[in-house]
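Please open the model in your viewer and keep the selection panel at hand, since each stop below names what to select next.

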Amino acid sequence: MSLLNAAGMGLINLGGSAVGADSGRRTPEELKALALEAAERFEGASAEEIAKWATDTFGARFCVTSSMADAVVAHLFSRVSPGVDVVFLDTGLHFPETLKVRDTVIRTMNVNVRSVRPRLTVGQQDGEYGPRLFARSPDECCFLRKVEPLERALSEYDAWATGLRRDESPTRANTPVVAFDAKKGKVKVNPIAAWTQADVDTYISRWNVPVNELFKKGYGSIGCWPCTRRTKAGEDARAGRWAMFEKTECGLHV
């Protein structure tokens, strides 16, 4: 049985307590009700309002996730809730420029960056699954280096924030500002879902937010180096991701 099938059948133990085991922890039903109410209530609200609701509602059981393509969402939450956890998936295959953004965030922002690594190093993965898994089975590589580590990291939380935006690609056009992720049993907060690239650029300029230098070199979207290329004129911003495959998402947001 493949890892992907095993995960879908719930056969992989990702750690963490069972829902309801912690005293006072909300059940998935309660979290779903919160998410549905908030999605309606905060549609059209500012990113700061959405962020404040999230941190006020979930407290220590909330985190921010960041790919470190830029640090906009991490910075937003550092203003609203200083000291908030920021989860970064350190796949072992990032560009140096991506790690530079992470390190800048650690030095300059009032957040707690948690670099979460896969269970296997790249070398160990090559030994177990063969070299260049990303070129043969990108879904399985993404599962090993992104999806499973995120599931493991999120076991401590009831809700998390992302930097998803509706204008990034057709697959993200209907992204709600707050949603319930039934697979994870958690609330997913997307405070800048309604922002345009112009809004992001304005925020970056106003607050001098760290940005991945690869954007200046022709990259429209930045992931692991083996599966990311520069985008061509007129292409969708995410066209440079997994360009040789019929794949548009790593699996974190599906």
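**A tour around helix H3**

Begin with the whole protein chain of 254 residues, of which 47% are buried (under 20% relative accessible area, with a 1.4 Å probe and protein chains only). This is a predicted model, in which local features need pLDDT of at least 70 and side-chain atom pairs count only at pLDDT 80 or more, while totals for chains, interfaces and linings use all residues. Residues are numbered from 1 along each chain as its sequence is written, and side-chain values use heavy atoms, with hydrogens and water left out.

Colour by secondary structure next: the chain has nine helices and six strands (DSSP runs of H or I with at least four residues, and of E with at least two, numbered from the N terminus).

Now select residues 47-58, helix H3, whose 12 residues reach 17 Å from first C-alpha to last, close to the 16 Å expected at 1.5 Å a residue (1.5 Å times one less than the number of residues). Among its buried residues are Ile50, Trp53 and Phe58, and the buried residues of H3 pack against several elements, including helix H2 (28-42), helix H4 (72-80) and strand S1 (62-65) (contact means heavy atoms within 4.5 Å). Just after H3, look at Gly59, which takes a positive phi of about 55°.

Finally, show the rings of Phe42, Trp53 and Phe58, which form one aromatic cluster (ring centres within 6.5 Å, using the six-membered ring of Trp). Phe42 and Trp53 form a tilted pair, 5.7 Å centre to centre with 45° between the planes (stacked is under 30 degrees, edge-to-face over 60, tilted the rest). This pair links Phe42 in helix H2 with Trp53 in helix H3, 11 residues apart, and both residues are buried.

Terms used: Buried < 20%, exposed > 50% of the residue type's maximum accessible area, 1.4 Å probe, protein only.
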